[in-house]
Amino acid sequence: MFKKILVANRGEIAIRVMRAAKELGIQTVAVYSDADKDAPHVQYADEAFPIGPAQSSLSYLHIPNIINAAIHTGAEAIHPGYGFLSENDHFARVCETWGLVFIGPPADAIQKMGIKADARQLMKAAGVPVVPGTEGTVADVDEARRVADQIGYPVLVKASFGGGGRGIRIVEDGDGLAEALERASREAKSAFGQGDVYLEKYLINPRHIEIQVLADKHGNVVTLGERESSLQRRRQKVLEEAPSAAMTPEIREQMSEAARRAAQAVHYESAGTLEFLLDQSGNFYFMEMNTRVQVEHPCTELVTGVDIVKEQIRVAAGLPLSITQDDIAMRGWSIECRINAEDPDVQFRPSPGAVTEWREPGGPWVRVDAAAQEGYTVQPYYDSLLAKLVTWGRDREEAIQRMSRALSEFKVEGVKTTIGMHQQLMQDEAFQRGDIHINFLAERFKGA
Ligand code: MV4
């Protein structure tokens, strides 16, 4: 096992990774920008190393500074967390060049899944269902028109280098097609440096379901069931749960089998997530694979008892997974609310500033993974996540009641938060029935 690892991230996920390391007897190195020298993740680490100015591109995204920090401190491996460099195959390769272990999947797997049009074809070839659409990228308008006429409108134009919903355009009919292709391609080129786009049939009000997988270097692949993350606003997830109220044992088995095939097709290692859309008839389709630990991984941890981050570290060190598929059963229900520093009265605009009061909920079956504490200053440079509040119950109703109770205990002053919005959601009858889809929040909340 490693003696020392560096965590190339900040906020709650940096602390989450260091907690796993500590349980494994591993020393931790935090890295920090000028804006973060007193941040909680720096205080938690055994040692800390500065990596540059507040701006992410000059610190948390700056590969030479991070490699330098690892070499200087004698860290053997780097955990990238989520966001920042976590899905950067180039970074994974640079780590290797310097003799550092990247705690994540092989660079080739990141790369294959990062090019969405290629991933789609690869998955189709592996027997994973994909949404009807183009084979690979769109060559020209004529091809797009031919495919769109065949699958029927509305269609979506997606950027091959996008992901997470960036670079997506809905096209209602043939009249808008050429212009949508043109614009999407131009936008993708300026945002991702690559203008390839592909076409998919637009699914109406599907649910967003994802399967957590773990894989090691010995060919073992284990699926940990699903999470549902249909509740999002402007492509930012707001609440996640496990399992999903929409699942049947049959769909779960089929989706898990598809996820296993997908992971095997790219020789996956570490933790990864297969995103699917589930339509109202129970058909599901591969969307993309997230080749990192996800923000919402605690939902799965609470219903399976598996420490996903510890498994990532074990696997990176060459050890086999500590569990087999037969050890996995989902028990009870978990819900995660993302508590963000955002102002619900101003279209959920980020609300940076000093946290003057911070009182976390507690009690049975409540988990808080926090980025903030009293006296912490929410920086405008980074994402606005203050804490993930996660509850577990024997069933969905109990998890909701417990969440409602926990939200009422959570006191934050100094910055605006999304606590009130989550409280409203817990009272919503459609939500309580599990009657949700990816456009639910936009329909429910003004400014969402
Ligand atoms: C879709 C879709 C409908 N039909 N693809 C957005 C994020 C990216 N991962 C995929 N996205 C979507 N792809 C087809 N063919 C609707 C979305 C979508 C969405 C998906 C998951 C969660 C929230 C969403 C919000 C808007 C659109």
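Domain bounds here come from an automatic or database domain assignment. This is a predicted model, in which local features need pLDDT of at least 70 and side-chain atom pairs count only at pLDDT 80 or more, while totals for chains, interfaces and linings use all residues. Residues are numbered from 1 along each chain as its sequence is written, and side-chain values use heavy atoms, with hydrogens and water left out.

**Exercise 1. Work out which domains the chain has, and where the ligand lies relative to them.**

Step 1: Start with the assignment, which gives domain 1 (4-103), domain 2 (132-201) and domain 3 (207-444).

Step 2: Check a distance: the centres of domain 1 and domain 2, taken over C-alpha atoms, are 36 Å apart.

Step 3: Now look at the shell around the ligand. Domain 2 and domain 3 both give residues to it, so the ligand lies between these two domains.

**Exercise 2. Describe the surroundings of the ligand.**

Step 1: There are 17 residues around the ligand, and K158, E200, K201, L203 and Q232 come nearest. A residue is near a molecule or strand if one of its heavy atoms lies within 4 Å of it.

Step 2: Sort the shell by type: eight residues are nonpolar, four polar and five charged. In this sorting, Ala, Val, Leu, Ile, Met, Phe, Trp, Tyr, Cys and Pro are nonpolar, Asp, Glu, Lys and Arg are charged, and the others, Gly among them, are polar.

Step 3: Find the strands. Strand 6 (155-163), strand 8 (197-201), strand 12 (270-278) and strand 13 (284-290) each supply at least two shell residues. Strands (E, at least two residues) and helices (H or I, at least four) are DSSP runs, numbered from the N terminus.

Step 4: Look at the ligand's nitrogen atoms. One is 3.0 Å from an N or O atom in the side chain of K158. A backbone N or O atom of K201 lies 2.7 Å from a ligand nitrogen, and a polar backbone atom of L203 is 3.0 Å from one.

Step 5: Finish with the cover: taken alone the ligand exposes 520 Å², and the protein buries 92% of that. These areas come from the Shrake-Rupley method with a 1.4 Å probe.

**Exercise 3. Find the buried side of helix 3.**

Step 1: List the buried residues (under 20% relative accessible area; exposed is over 50%, partly exposed in between, with a 1.4 Å probe and protein chains only). In helix 3 (residues 63-73) they are I63, I66, I67, A69, A70 and T73.

Step 2: They cover an arc of only 155° around the axis, which puts them on the same side of helix 3. The arc is that of the directions from the helix axis to the C-beta atoms.

Step 3: Turn to the face pointing away from that side, and you meet the exposed residues P64 and H72.

**Exercise 4. Spot the unusual backbone geometry.**

Step 1: Know the background: most residues other than glycine have a negative phi, and most peptide bonds are trans.

Step 2: Pick out the cis bonds. One joins Y153 and P154, with omega about -5°, and another joins A242 and P243, also with omega about -5°.

Step 3: Go to the loop between strand 15 (342-343) and strand 16 (349-350), where Q347 sits. Phi of Q347 is near 50°, a positive value. F348 lies in the loop between strand 15 and strand 16 too, with a positive phi of about 55°.

Step 4: Compare their cover: Q347 counts as exposed at 55% relative accessibility, whereas F348 counts as buried at 5%.

Technical notes: Polar contact = N/O pair within 3.5 Å; in protein donor to acceptor, adjacent residues only side chain to side chain.
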